[in-house]
Amino acid sequence: MRTDITVNSNIRLLLVDDEEDFRKTIAKRLKKRGFAPEEAGSGNECLALLENKAVDIVVLDVKMPGMDGIETLRHIKEKFSETEVILLTGHAVTSDGISGIKSGAFDYLSKPIEFEHLLSKIKQAYNKIIREEEKRKDAEFRASMEQQMIATERLASLGTLSAGVAHEINNPLAIINESVGWMRLILQKDELAEMPRKKDFEKALGKIEKGVDRARKITHQLLETVRKNNSVFTQVDLKELAREAVELLGQETKNRNIQFFYEMEESACTIWSDPYQVRQVLINLLTNAAHSMDTGGEITIILKADVDDIVLTVRDTGTGIPKENLDKIFEPFFSTKSPGQGTGLGLFVTRSIINKLGGRIEVESRLGHGTSFNITLPKYYEI
């Protein structure tokens, strides 16, 4: 009995009947069985109540002045399709009940009703709602798993391809780089001191070196994403790591007068993780933040502690990311930077590292106001 009352109290019920005495009597008996029914005296009152309050089951009289039960039912099904409706019809007027079922009612009962019969119908209707909810969650879970499997297969294929391409490209890159070095040595010889257009040749060699360097960065980042997890986990001082990463950005940020701020809770400054991978993540995010701003911008590094996690935020006052790009920024080779300024792999690599470290990364951005990358990492991550 106690279990029934507890279950009944969870069912959000609405009684709709213009006969107040009948409605009050049913409501009183339902309250004794653990329900807390809402009441309405007309179809319009019923719809107004549903606009402001979620209801699982409506027990609805068919014969009412103004908007009758069948019309009210149609409005309910149009706007609140998950709400189940039990119709109460006049004695021996089965046509109303059948019409109601065709319009989406769960079932109908004829007046005078047997209370236990009504109770049984309410529970049946509620069980149907639970089953539909379970089906919906199951369908969502399956769809989510399918999407994850597609993404995993895609990344696995990309990883295999990337590793092969990266290895194949590294060898010719090394040859090109050595050749450039050899040509520079030749150009420095005395017999070529007066060589026509020598400066143009040196400039061209510089462009080749920059191109080789960019290609090498891409191959290294590709290999980083697919290499096996051989992380070395140790105690990491995030405060110190953040300051090191800022120092590594060097003169560029100083020349552009970009200012750094720190908001760090002491309890969030130490975790057990891979310091090299975390440093790489910080460098990637700080570099992106710096590239998103003109002279005089601000970057804030925030550390907060949760129960078992820490949340590391890198927030900038840059240009922000358009809403339509937020879902794409973690995809490989997606970049909005000018050619030569980015490989399009920084955030892809960053997310890959965070996933390997047992964390997650999220982004918030407003055009013209800046961007925040929020990283959640476990305080103690065990492989």
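Which residue just after α5 takes a positive phi? That residue is Gly104, with a phi of about 110°.

This is a predicted model, in which local features need pLDDT of at least 70 and side-chain atom pairs count only at pLDDT 80 or more, while totals for chains, interfaces and linings use all residues. Residues are numbered from 1 along each chain as its sequence is written, and side-chain values use heavy atoms, leaving out hydrogens and water.

**Two helices and their buried sides**

Let us start with helix α5, residues 94-102. Helices (H or I, at least four residues) and strands (E, at least two) are DSSP runs, numbered from the N terminus. The buried residues of α5 are Asp96, Gly97 and Gly100. They lie on the same side of α5, because they cover an arc of only 100° around the axis. Two terms need explaining here: buried means under 20% relative accessible area, exposed over 50%, and partly exposed in between (1.4 Å probe, protein chains only), while the arc is that of the directions from the helix axis to the C-beta atoms. The cover over the buried residues of α5 includes α4 (69-79), β4 (84-89) and β5 (107-110), where contact means heavy atoms within 4.5 Å.

Helix α8 (residues 238-249) can be looked at in a similar way. Its 12 residues, at 1.5 Å a residue, should span 16 Å, and the end C-alpha atoms are 17 Å apart, which agrees. That expected span is 1.5 Å times one less than the number of residues. Buried in α8 are Leu238, Leu241, Ala242, Ala245, Val246 and Leu249. Because they cover an arc of only 140° around the axis, they sit on the same side of α8. On the face turned away from that buried side, α8 carries the exposed residues Glu247 and Leu248. At the start of α8, a side-chain oxygen of Asp237 comes to within 3.1 Å of the backbone nitrogen of Lys239. Just after α8, Gly250 takes a positive phi of about 70°.

**Charged pairs**

Side chains of opposite charge can pair when their charged atoms come close. The structure holds 22 salt bridges, each being a side-chain nitrogen of Lys or Arg within 4 Å of a carboxyl oxygen of Asp or Glu. Here are three of these pairs:

| Pair | N to O distance | Place |
|---|---|---|
| Glu132 and Lys135 | 4.0 Å | helix α6 (residues 115-187), 3 residues apart |
| Arg136 and Glu140 | 2.5 Å | helix α6, 4 residues apart |
| Arg315 and Glu263 | 3.8 Å | strands β10 (residues 309-316) and β7 (residues 259-264), 52 residues apart |

How exposed are these partners? Glu132 is partly exposed at 40% relative accessibility, whereas Lys135 is exposed at 54%. Arg136 is partly exposed at 33%, and Glu140 is partly exposed at 45%. Arg315 is partly exposed at 34%, and Glu263 is partly exposed at 42%. Elsewhere, Asp17, Glu19, Asp61 and Lys111 are linked in a network of salt bridges.

**The nonpolar core**

A nonpolar core is a set of buried Ala, Val, Leu, Ile, Met, Phe, Trp, Tyr and Cys residues joined through side-chain atoms within 4.5 Å. The largest one has 44 residues, of which Leu286, Ile299 and Phe373 touch the most other members. Helix α10 (residues 275-291) gives the most to this core, with 7 residues. Not counting residues up to four places away in sequence, Ile299 touches several residues, including Phe260, Leu286, Val314 and Arg315.

Definitions and conventions: A polar contact is a pair of N or O atoms within 3.5 Å; within protein, one must be able to donate a hydrogen and the other to accept it, and residues adjacent in sequence count only if both atoms are side-chain atoms.
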